[in-house]
Structure formats: structure tokens, C-alpha cells
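Grab a pencil and work through these exercises with the structure open beside you. Try each task before you read its solution.

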Amino acid sequence: MARRIALMGTAALAWMAGAATVQAQDATSRVDDIVVTGSRIAGGDRIAPVETVGREALAAAGVSDTSEILRLITANSGSEARVDQLNQPQSSGTAQFNLRNLGLGSTLVLVDGQRWTSSAVVATDGSAFVDINSLVPMIALQRVEIVKDGASAVYGSDAVAGVVNFITRHDVARPEISAKYAVADGSEESVIEAIGGFKLLGGDLTLAASHFHRSALGSDERGFTQAERYGRAGWTAVTSYGQPGSYFRPSKNAYAPDPDCGNPAFGKAYKNSASDTFCRLDYSDFFDLIPEETRTQVFADYRRPVGDVNLSLQAAYSSTETEARLTPSLPILAQALTVPGSHPDNPFGEDVLFRGRLLGAEAGAMRSQFEYQTWRLTAGLDGAFANGWTWNVAATASRQHVAYDKPDVIGSALQNALKGLGGAGCNPATGAPGAGGCQYFNPFGSAYLGTGTANSAALIDSLTGNVGLRGASGLITLDASTSGQAFAWNGGSVDVVVGAQYRRSTFRHDWSDLANAGDLLTSGYSPDFAGDQEALAAFAEARIHLGDRIEAQLAGRYESYDGDQGRFSPKAAIRWDVTDALALRASWGQGFRAPSVYALSGAQASQPSVFDRGAFVFVNTLTSGDANLKPEKSESLSLGVLWRPVQGLELGLDAWRFDYTDLVVKQSAQAVIDQAAADTAAGLTGTDAQKRVTRAPNGALTFVQLYFANASSIETQGVDLSARYSHDLWGGRATALATWTYVDSYDIRLNAGSASVSGVGSTNLNNIGRSLPRNRGEFALAWSNGANAVTALVHYTAGYQNDRSGITDPNIASQTTADLLYTRTIGSDLDLALGVVNVTDEDPPLAQFALGYDPVVADPRGRVFSLGLTKRF
């Protein structure tokens, strides 16, 4: 349906191009002016705090993957660009912006000023986001503009924290082909890209394509991930759900480890002591720090005058395939399974409850697969009226499909097999235990050692299912606007733009029948769902020029979702050029963000790590949507100073503040578990928290029910600093750049009546935030003489605190890393680039996470060498 509407919109715009009779203006200049960020009137970067990262800067930083842009933006924190199969199992292969740490969905992402669909997967906390890995080939990017200010009044509700606009190239004079190869210890990546400009049917066609491949970097390739390095402490990648496993004996009212737990044949199985009642598993070898990933992207841009009008068409396609390793089978979380006393291999002589997993370390890692297919079509027309006002109409359709496959154990099949009624040829209703085609599954260590019943590969296959997610998200937008000078007077003028927008968002998830039935022992219950949301908006913006020194912006947007009463978002900003060298600017705005389709009607199963009864365990949870959620509300304020004290030196300071209320959040499983325990300790029964926590007869956690809710608020403020200095040196040009973000406060209230909690300088694992160091800095020194260019980059992240429950050391140290890149231009046709990322091969700072580092902040790759070639024809 979305594709049909997009094609109809494109055809309608093309028909309008042939029928329009408006007067033409210079096509090239007007096309260039269409793409602005921070304002719908050209020149918005003068008033708004806009950071621009150009194509040359991206090349100098050695960026070959869109997600790597995140490390260059100090105002960004808490993005999930690195794989983390322990905490982000459903979004591998994606990346997103998170300006000011206000949430993955609070930054609006545009491509050439137009929206892009949200990802077909969500983060573990339920956040919907735009997957920046799915946009356009890197070689097609001209620059990236980041508005670090609330912009809901200009662009719509998703721009609560700011806007990131990816602006593409459409002036390619000579075709280019580029290839790059990079290698780190244990991993390598390659990318080949091409772009060219052509004349076609009286217009300009730009075509670009890229193919990117990265091999996996396993946790067994890095010493800092190993649980043995830290004495297999409880906070490392160890678990009491092992294989060989542990068994709850009702006669003893206690657990007992598998009798073969200490056998040296099981290299990853262990007990904390001779009296330990659990047979544990060290699974720190079985994850990917970097997954294997292959991405192919194609982009086309076409622009031509048609009569008195300018037609623009864009098409983009992206295909990403990611494979990520997991532990050998998954822990049995969703059900309590019984091994009957009659089982021929049961050494306990009584019915026991099994705590463990289907397979042990000897079986090797499992693998999950992700496939994302993304497409986008855009058509636009712009022209001018006889009075000089311009007009613009555009239609955009984009969609992402996901296929996510992860093996999991079928609960009913395993329980039958423990009773001797397993195997593909067994009918549990009519078969006899262990007879004919019916087989026993032996969960004990004796199955592997050969001292008990062996488990055949066919039996294992009959017990294994798949989560089988097939999902899609889509977005259709229709825009129309007109702009021009409203009036002018001696020494001043007012430019105005008014317009309207229609949007329709869709989201659906279809899981396997096993996931629908809740019969997977780790993934639990995952219901199918589908939802949509429609939005209508009208907006206006005025740019007021008061002489040569003062410029002001007034903007307002009225937006309505699904026929509700609608909400108004205002914004006011001003800039005063005090002198030619000194400028002051300020802005204030309000905004709101409607709950995502997912939060309103979706449902998410996940298995977070929680601290329960003295140990870390993974628990199965289901978070359900709520159709009555309210929109989130925001208010932002910024004050800025721009100063050029001497020729070649530019300094900037922007102080900012955001108040964000009624946040839609996923309730914390840890908080519900803790509240249920507190209620029980107080002698209460039947409380809400107790009803939402399910335990097996032996007390083990099996399920926690959660909901999306308007429960929290964030107040954050800080300062952005920037400096740039350029000077002729040694026959070339030397440049020094610096950006720094200092977060003064980040105060979180988990609900309206609770006290605020400071989240600055914390991992924020116990609240709604993400890792947020107080200080981040980026520094660059560059020199170029035309034929040679050298760039040195320094990245600084301040130390911060780990608030994970049950750890022994909360300190995470600061880190400083340096990169070097040398580029040699050979003639006018060939560029050679040699680069080193993390020159001194620094490990991530130790953090008491399961794999020894914080994947939200740190890069686990270590030193990376790269070689690149660019050929122009």
C-alpha cells in the first residue's frame, strides 16, 4: 500500500510539472537553497547551534561506516551502535543518534530535509529509532548537519532533542570509485564505493553504490572479556544456568549440581567451591564484540527543469545482513521443567527441576541472523509565483523489512523428551517412554561423557525452534509549503514560510507460531501485532531582519495525531552581531513527541539481566503497549556566543537546557522485582508488583510483566564549546579544531512523585538513561598542501560510574585515544590514504559489565590499520 501511494504521488507531481505555468527562476541556486537545517528559510545555521561535518572531515577521520559518525559528535551519547547480544539482542546491525541522551527516538533524522522511516526493530527498552546504517552510501554524502537544539516547531515532534540532516551530493563532475581495507587483531573490513554524475533527458542524474563487509570479532579474541581474568566474578559472563546443569531436589529443598560438573571434559563448567549447589557456565568466549556484517546500498538522485518548474526525484535501497554469535543454546528461563525420577539417567532417584540449558560449551556458539531491507522514494516539485514567492511540494515513502532468526528450545518438546516422549517420530499422546520412536533426552553430563544415554543430533533438532520474526515499518509523508518576503522597510524585512504536512507511520511484527504460543524457553511469549498512526500538521516560520546586526526567528507548528485535539509547538530565537567579530544568540522552544506506534500497540519480549536473591540472572519479560499513553512534552533553552578574536580563529560557546516530561518508558524489571520482594518482606500479599512476578516452585524467576508508561522526566543542562584555527604553514594550510561537551546535570525522576536521581557520569542501568560521561572532547590537527594531507584526531571520554547492582567496583576510568591519517594525491586522479585508529592500541576501560567493558561508550576493536584508494575518471 505504501509503495502504491508513493508511486501515485510521484506520478501526480510529474503531471503537475507538465501542467504548471508558474515563472521559473535559476534552478541551480534554488535547489541548493532547499536543503537547510535549523530553519525552513535559508540561513538557519546563523541562529541555531548547527554543527556541520563535511565530506572532507569524514574522509580525514577515516569514516567508512555511517555509525562511525557518532564518535565525532560530542553532543551525542548513549547510542547503541555496537553489537551487544546480552542487552540488545533484537537490534544488531543498526545504529542511531541520541543527542543529549534524551532517547533514541528523540532526534529527528532527515535525508535532504525529508524524513526516513523508523527501523523495523526497536531497542531493548522499546525505543523506536531511525537506523542510520540504512540511509545512503557514504560516498554519496556531501555533509551532515546536526542541530543541537529543540526543533519541534520547525520540523515536528520527533525533533525534541535536535535534528540530524544527511545532505547528499548532486554535483559530481567526475565519476569516482573508492576502495578501503581495514584490519584489526581478529577482524577486518572492506568497502568499495562508486559515484557518478550523468546527463539524462535534460536533467542531472547522480548514481552511487557501495558494498561493505566486516568480519566478526569474537569475545575470545580479547583478553578483557574473559571471566577467568577476573576470577569468574559474579558480574562477569558467568551463569548458574549451565550444562551440565543443576537440579532442585524437593526432598532436600535445595539445589544440587550435576554429579559430573567437576569432570575436566567440561572446560567451561565449574563450581564456586566444593559445596556450591550450582554447576555454573563461563560463557565469555561465545559472543561477538563486532558481528559479521554485509551491507549493500544504492542511491539515485535526479533533478531537471520541466517547463517552469524544477523536478527532483530520489531513490535509495539498502540491504544489511548481520550474523551474531550467542551462547551455546540459551538458558531455560520461561518454564520450570521436571526430570522424572523414572528417567534412566537420573542419579537423584526423585523428580527434580532442571536449571540449565539444552547444550553446553562443547557444542559451540549458536548464531542469530538479521536481514534488513530498506527502500525510499522521494519526489518533489518547486517553482516560483509571479510575485517572487516560491513554492514546494514533496512526497516521500520509505519502508524497512526485517527478518530475525534465532534458535531457541521448544519447551513442550523438551518436557516431553525428559519424560521419554521426545523425537520427531514420537506421538506423546500415544507413545511409550523410551520405546519405539520415542526417546529420552538426557540433560545430565553423562550424555556427553558416554556414561549415560547419548543425545542424537536428530533429537536435538526436534527440540529446537526459531523466534522467526518478520516485521516491517513504513512512513509516508506529503509536504507543501510556500515562502517569500512578507514585507520590507528601510533597514529591515520579514521572510515567511507557511506549509502543511501529512504523515502515516506503520509498524508490524509477526513472530513464529512457537513464539506466539510462548513455547520457547528463553524468548518466551511474543505476540504478533500491527499498528498505524496518522499525523496532520500546519506550520509557519518568520525570519525578521532588523538592520544589519539583528536577526530573529519565530516559528510555530500545530500537530494532531490520530484525530486528537492536537498540540502547538512554539519557538523563538534571536541573533545579534554585536561587532563583526562578536555575535550573541539565544533560542527558546517547546515541543512534544507522540508515543510511537510500537509503544501504543506493540509487545516486546526480552530477557534482561537482573539481580535476584544475591545473584545475577536473566529473566523473561513481556512489555505491553498502552493505547492511552500521553505525548511526551519538552522545553528547551539555549544561549550562545560566537567570537573571532583574531584572523583565522573562531570560538563558540552554547549553553543549553532541556526539560523533558511524561517520557514514555519501558518499566524496569529490576524495580518490579525489588518492589515485589519488599512487599513480601512487609507481609503483604496480592500487591500489583507481586502479581507481575512469576516464580517456579523452587523460587526461580520465570516471568515479569511490564508496561510502557508515561512515568519519567529528565532535566539536563550543559555547555558545548568549539574552536577552530587556520593558518598558512610550511607551504600549506594548518588547521586545529576542537569540540567539547560538558554535561552539568542530568536529573531523572522515574515517576512524578519520586525524588530526582542524577544520571550524569553514570551508566544509568537502573533508570531510563544510557551511559553518560560528564565530559567528551574531540580534537583535530590537520595540515595540507594540496598533494599531501595529514590529520591527527584525539578522542577523550571522561571517567564515570557504573550503577549496575551487585558489582564490587563502580569506577570506569577515562580514556584518550588518537588516530592518524595520511593522504597523498597522485596527479589529479588518484588519492592514497593510510590510517591508524587507536594508535596506541588502548583497551576499553574496565567496566563491571558481563564482558568487561561498556559497549555503549567504548570501542572493543583496539588498533585498526586501513588502506584506501580513490580514483577519479
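**Exercise 1. How many salt bridges does the structure hold, and what links Asp65, Glu189, Arg214, Glu293 and Arg295?**

Solution. This is a predicted model, and it holds 48 salt bridges. Some of them join up: Asp65, Glu189, Arg214, Glu293 and Arg295 are linked in a network of salt bridges.

**Exercise 2. Work out whether each partner in the Glu145–Arg143 salt bridge is buried or partly exposed.**

Solution.
- Step 1: find the contact. The two side chains meet at 2.8 Å, N to O.
- Step 2: recall the cut-offs. Buried means under 20% relative accessible area, exposed means over 50%, and partly exposed is in between.
- Step 3: apply them. Glu145 has a relative accessible area of 10%, so Glu145 is buried. Arg143 comes out at 25%, so Arg143 is partly exposed.

**Exercise 3. Find the strands that hold Glu559 and Arg503, then decide whether these residues are buried or exposed.**

Solution.
- Step 1: check the pair. Glu559 and Arg503 form a salt bridge with an N to O distance of 2.7 Å.
- Step 2: place the partners. Glu559 is in strand β27 (residues 550–561) and Arg503 in strand β25 (residues 492–510), so look for distant parts of the chain, 56 residues apart.
- Step 3: judge the cover. Glu559 has 2% relative accessibility, so it counts as buried. Arg503 is at 5%, so Arg503 counts as buried too.

**Exercise 4. Explain why the Arg695–Asp612 pair ties together parts that are far along the sequence.**

Solution.
- Step 1: the side chains of Arg695 and Asp612 meet in a salt bridge at 2.9 Å, N to O.
- Step 2: Arg695 sits in strand β36 (residues 693–695) and Asp612 in strand β31 (residues 609–612), so the salt bridge ties together parts 83 residues apart in sequence.
- Step 3: Arg695, at 28% relative accessibility, counts as partly exposed, whereas Asp612, at 11%, is buried.

**Exercise 5. Which residues make the nonpolar surface patch of about 510 Å²?**

Solution. The patch is made by Trp576, Leu584, Val641, Trp643, Leu653 and Leu721. Take Leu584 as one example: you'll find it in strand β29 (residues 582–593). Leu584 has 33% relative accessibility, so it counts as partly exposed.

**Exercise 6. Decide why the chain counts as being as compact as a globular protein of its length.**

Solution.
- Step 1: count the elements. The chain has 11 helices and 46 strands.
- Step 2: compare radii. The radius of gyration is 29 Å, close to the 29 Å that the globule rule gives for 873 residues, so the chain is as compact as a globular protein of that length.
- Step 3: look at burial. Of the 873 residues, 57% count as buried.

Note on methods. Residues are numbered from 1 along each chain as its sequence is written. This is a predicted model: local features need pLDDT of at least 70, side-chain atom pairs count only at pLDDT 80 or more; totals for chains, interfaces and linings use all residues. Side-chain values use heavy atoms; hydrogens and water are left out. Patches are made of residues with over 30% relative accessible area and no salt bridge: like charges are joined within 9 Å, nonpolar side chains (Val, Leu, Ile, Met, Phe, Trp, Tyr) within 5 Å. Accessible areas come from the Shrake-Rupley method with a 1.4 Å probe; for residues, only the protein chains shown count as cover. A salt bridge is a side-chain nitrogen of Lys or Arg within 4 Å of a carboxyl oxygen of Asp or Glu. Helices (H or I, at least four residues) and strands (E, at least two) are DSSP runs, numbered from the N terminus. Buried means under 20% relative accessible area, exposed over 50%, partly exposed in between (1.4 Å probe, protein chains only). The radius of gyration is taken over C-alpha atoms; the globule rule is 2.2 Å times the number of residues to the power 0.38.
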